[in-house]
Amino acid sequence: MVALAGIFFYRQIMRARQITVVRTEAPLISSSVVFIPNSESEQTIGNPGANIIVTEFVDIGCARCLSLHSAIKQFVIKHPQDIRLVWKDNVKSGLLSDYTLAHQAAYCAGKQNKFWEFLDVAAEQRNNLEQSGLKKIALDLNLNVESFWQCANSLETKQAIANSTALSSQLSIRSLPAIFVNNKMINTDKDVNIEEMLTNFIKKP
């Protein structure tokens, strides 16, 4: 019996070795179109009537998110008529870091038409985005700091950021950065050359 069992297991092992596992790589751009509703906290830059719309869900605490965001924004600045960028907040709260207040502050800088400027500085100063650091950015940008800070701590602002973050969950976004082009998700696990990809999009008839 022991010998028979040994032969049986040997055959099973040999069969397993003959099985070829074919890995299917996810495409760069998903074929599925996702409906992404507007949100209170979103900010846009570029042509409102552009045929190419890039939507990004970003956590200010995510360095790679901000790096890709910067590349996309620079592309939009170079091609302002061809593309529109939509920013959506997606706060990933954790024990070690939580950038919720920074998102609320950026949202309120947007109320004074300084969202993108505020975000650029915040990206450079990610290690100093507590109350004092955020207020200093607002001061340096010549914002009305008192109304800015009242806004940043208001229930309305907190709810706007929370709603945008909840939207990302509803869209089954599990990791960041999450970038969509015309409502199709980009596979950011690949080594994406954003500028080259967007150039190809705007060249299409």
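The following exchange goes through a predicted model and the reasons for the terms applied to it.

User: What does the secondary structure of the protein come to, and how do the elements run from the N terminus on?

Analyst: The protein has eight helices and five strands. Their order, starting at the N terminus, is α-β-β-α-β-α-α-α-α-α-β-β-α.

User: Why is α3 called oblique to α6?

Analyst: The axes of α3 (residues 100-111) and α6 (residues 145-152) cross at roughly 130° and come within 8 Å. Roughly perpendicular covers 65 to 115 degrees and roughly antiparallel needs over 145. An angle of roughly 130° falls in neither class, so α3 is oblique to α6. The crossing is right-handed.

User: Which residues make the contact of α3 and α6, and what are their classes?

Analyst: From α3 come Leu 101, Gln 104, Ala 105, Cys 108, Ala 109 and Lys 111, and from α6 come Phe 148, Trp 149, Cys 151 and Ala 152. Eight of these residues are nonpolar, one is polar and one is charged. Gln 104 is in the contact and counts as polar because Gln is not on the nonpolar or charged list. Lys 111 is also in the contact, and Lys is on the charged list.

User: What makes α3 and α7 roughly perpendicular?

Analyst: Their packing angle is about 110°, with the axes 10 Å apart. The class runs from 65 to 115 degrees, and about 110° lies inside that range, so α3 and α7 are roughly perpendicular to each other. The crossing of α3 past α7 is right-handed.

User: Which residues of α3 and α7 meet, and how do they divide by class?

Analyst: His 103, Gln 104, Tyr 107, Cys 108 and Lys 111 of α3 meet Glu 156, Thr 157, Lys 158, Ala 160 and Ile 161 of α7. This contact has four nonpolar, three polar and three charged residues. Gln 104, Cys 108 and Lys 111 of α3 also take part in the contact with α6.

User: How do you know that α4 is oblique to α5?

Analyst: Helix α4 (residues 115-124) and helix α5 (residues 131-140) have axes that cross at roughly 135° and come within 10 Å. Roughly antiparallel would need an angle over 145 degrees, and roughly perpendicular ends at 115. Roughly 135° lies between these limits, so α4 is oblique to α5. The crossing is right-handed. Phe 118, Val 121 and Ala 122 of α4 meet Leu 134, Ile 137 and Ala 138 of α5; six nonpolar, no polar and no charged residues make up this contact.

User: Why is Ser 164 called buried?

Analyst: Buried means under 20% relative accessible area. Ser 164 has 0%, so Ser 164 is buried. This residue is in helix α7 (residues 155-170). Beyond its neighbours within four places in sequence, Ser 164 is in contact with Ser 39, Ser 41, Phe 57, Lys 88 and Asp 89.

User: What makes Ile 173 a buried residue, and where is its place?

Analyst: Its relative accessible area is 5%, and the cut-off for buried is under 20%, so Ile 173 is buried. Ile 173 is in the loop between α7 and β4 (178-181). Apart from neighbours within four places in sequence, Ile 173 is in contact with Phe 57, Asn 90, Lys 92, Ser 168, Ala 178, Phe 180 and Met 185. Met 185 is twelve residues from Ile 173 in sequence, and their C-alpha atoms are 9.8 Å apart.

Note on methods
Residues are numbered from 1 along each chain as its sequence is written. This is a predicted model: local features need pLDDT of at least 70, side-chain atom pairs count only at pLDDT 80 or more; totals for chains, interfaces and linings use all residues. Side-chain values use heavy atoms; hydrogens and water are left out. Axes are lines fitted to C-alpha atoms, for helices over the stretch in contact, and angles run from 0 to 180 degrees between N-to-C directions. Helices (H or I, at least four residues) and strands (E, at least two) are DSSP runs, numbered from the N terminus. Angles under 35 degrees count as roughly parallel, over 145 as roughly antiparallel, 65 to 115 as roughly perpendicular and the rest as oblique. A crossing is left-handed if the near helix is turned anticlockwise from the far one by less than a right angle, and right-handed if clockwise. Contact means heavy atoms within 4.5 Å. Buried means under 20% relative accessible area, exposed over 50%, partly exposed in between (1.4 Å probe, protein chains only).
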